[in-house]
Amino acid sequence: MLRRWLKANGLLAPTGIWLGLFLIAPLVVVVEFSFATRDTGVARAVLPWTTQAYLTALDPAFLPIFGRTLAYAGATTVACLLLGFPLAWFISRHGGRYRTVLLAAVLIPFWSSYLARIYAWKALLDGEGLVNTVLGWVGLDRDGGFLLTHGAVVLGLTYGFLPFMVLPLYVACERFDFRLVEASYDLGHGRVSTFFRIVLPGVMSGVLAGSLLVLVPAAGDFVTPKLLGGVDQSTFGSVIDDQFRGGNNWPLGSAMAVLLLVLVVVVLVLRGRRGEDVL
Amino acid sequence: MNRRPWVLGTVAVLVFLFLYAPIAWLAVASFNSSRSLSRISGFSLQWYAELADDTRVFASLRLTLELALASAAIATVIGTLAAFGLRRAFPGRGLWTVLLSLPLVVPEVVMGVAMLGFFVKLAGVPLGFGALLFAHVAFSLSFVVVVVRSRVSGMDVRMEEAAADLGASPFTAFRTVTLPLVAPAVAAGAAFAFLLSFDDVVISSYLTGVGSTTLPVFVYAQASKRGISPEIVALSTLMVAATALLLVIGVVIASWRARRAGAAARLV
């Protein structure tokens with residue numbers, strides 16, 4: 001038993017050291033900063049300790065930004081599930097010997113520059129863009145196009161995070177015993193009932209893992225809302241970015257980063273042990 | 001369940017369409033004769049020509065490739081070890097799983113500002129290649145572990161036991177049995193790590209130093225001033241085409257080997 005423990009920890013040690021030094025330590029520093037007095041950006045965190053940054057971060061003025069961020073992230077997660085599940089199921093069930101190729105095909109677009117892809121959407125959603133033109137044929141076009149709308153932001157985020165949903169869902173589908181579905185039909189259940197009673201519980205670990213990989217990172221994203229959204233599209237992420245990039249207020253930015261970390265912990269705890277085998 | 005897979009098939013095709021529409025559009029726009037991405041005015045190769053002459057783009061492309069290769073190599077080696085470490089249950093495995101899931105779920109902006117604060121104010125690591133390498137391994141490591149682990153945990157332990165029973169040393173058993181079995185997952189993990197590093201904007205944007213701008217950061221800085229340059233569109237098109245070509249070659253080789261193996265099996 002002890003030997004096994006030593007062996008496992010020995011194999012994990014390099015990873016542990018790397019993450020400890022370059023991920024955990026920085027996160028601890030962020031927590032430290034969040035309690036610091038506003039500093040000049042040169043020295044280390046400035047004493048005395050204060051909770052001022054948190055009071056500022058929780059100011060009602062930021063409430064619409066929090067709400068918008070969570071709405072974007074939530075809508076993105078739902079959209080990724082709705083698109084990702086049929087795709088993952090189809091590849092796993094009907095992909096045959098082309099499964100690996102199809103799965104790789106999901107990832108190929110992501111070998112192009114992330115920014116180029118967002119700009120491509122920008123062009124497609126433009127007032128004179130392809131989407132608006134095609135919709136114009138059936139009279140569904142919109143004056144000025146779909147750029148700078150909430151829908152454009154959710155679309156861009158969905159596009160960016162879809163692979164992170166498809167991959168865990170695919171793993172879950174691969175482990176799902178499709179004969180259960182036949183059995184359910186044989187026992188007289190319909191499609192809807194079979195889906196909710198058999199399929200969904202069967203792939204739940206993938207749904208949870210995928211949602212986790214999409215929800216929180218989407219809540220932190222600021223490049224997509226900035227490029228595809230309208231005038232006032234500040235999100236949690238962009239506010240944090242502003243505090244650091246402009247050198248404005250590191251303690252406030254840190255406090256907001258800590259609030260996002262709290263969201264991470266809440267989601268991790270809510271998920272509990274379910275889905276752990278996939279992630 | 002689907003006796004009518006075409007319903008599902010149609011949805012899958014539509015999702016693929018959604019994934020490829022912007023890429024196809026980029027490819028079209030890369031041959032555009034004007035700077036515009038939204039209006040196609042004529043065919044031209046000028047952006048490819050300008051790309052070929054742009055030394056700044058190539059300098060940062062080179063740096064980005066070196067960084068992606070180095071960080072993918074490190075992440076793949078230590079991540080694969082970790083995946084094997086998690087193979088069997090032991091006290092504390094749950095904690096390791098939580099630690100490893102952190103880089104997957106902590107938003108990039110939080111990791112970026114945290115690393116900036118840490119490197120600049122505490123550790124005294126100068127911004128640039130070193131800081132970027134530390135960071136890129138840290139955020140791509142977990143993806144390697146997840147991919148390799150899913151393969152390792154699905155592996156039949158009896159295969160390795162059989163090798164041991166037949167007299168193979170642990171090292172030989174690992175080299176001849178275990179490694180070939182996990183190799184596809186290790187390769188997938190490495191590709192994933194490479195891709196994550198190669199395309200990272202947010203974290204890198206906090207950590208680049210003078211003269212060590214990665215391509216995505218360079219593009220981001222340029223794009224926020226005057227929109228994306230058509231050269232970058234051309235470069236993106238080339239990269240997707242190259243990846244797709246590699247995939248096709250891989251498929252052809254795999255099916256050729258499968259046919260040969262099938263023919264050999266029939267001979268026996």
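From the N terminus on, the elements of chain A run α-α-α-α-α-α-α-α-α-α-α-α-α, which comes to 13 helices and zero strands. Helices here are DSSP runs of H or I with at least four residues, strands are runs of E with at least two, and both are numbered from the N terminus. This is a predicted model, in which local features need pLDDT of at least 70 and side-chain atom pairs count only at pLDDT 80 or more, while totals for chains, interfaces and linings use all residues. Residues are numbered from 1 along each chain as its sequence is written, and chains are lettered from A and ligands numbered from 1 in the order in which they are written.

Let us look at chain A as a whole. Its C-alpha atoms fill a box of roughly 70 × 70 × 35 Å along the principal axes. Of the 279 residues in chain A, 47% are buried, meaning that 20 or more other C-beta atoms, placed from the backbone, lie within 10 Å of the residue's own.

Now to where the chains meet. In all, 71 residues of chain A are in contact with 76 residues of chain B; a contact means C-beta atoms, placed from the backbone, within 7 Å. On the chain A side, α1(A) gives the largest share, 17 residues. By class, that side has 55 nonpolar, nine polar and seven charged residues. Nonpolar covers Ala, Val, Leu, Ile, Met, Phe, Trp, Tyr, Cys and Pro, charged covers Asp, Glu, Lys and Arg, and the others, Gly among them, are polar.

One residue of chain B shows the meeting of chains nicely. Leaving aside neighbours within four places in sequence, V113(B) is in contact with V30(A), I240(A), F244(A), G253(A), A257(A) and Y206(B).

Helix α4 of chain B (residues 93-105) reaches 19 Å from its first C-alpha to its last, close to the 18 Å expected at 1.5 Å a residue, where the expected span is 1.5 Å times one less than the number of residues. Its buried residues include W96(B) and L100(B), and their cover includes α1, α10 and α13 of chain A together with α6 of chain B.

Finally, the unreviewed UniProt entry annotates several spans of chain B as "transmembrane region", including the two below. Such annotations may be inferred rather than shown by experiment; positions follow the numbering used here and feature names are shortened.

| Span of chain B | Helix | Strand | End C-alpha atoms apart |
|---|---|---|---|
| Residues 203-221 | 63% | 0% | 14 Å |
| Residues 233-256 | 100% | 0% | 34 Å |

Notes
A residue is buried if 20 or more other C-beta atoms lie within 10 Å of its own, exposed if 12 or fewer, and partly exposed in between; C-beta atoms are placed from the backbone. Two residues are in contact if their C-beta atoms, placed from the backbone, lie within 7 Å.
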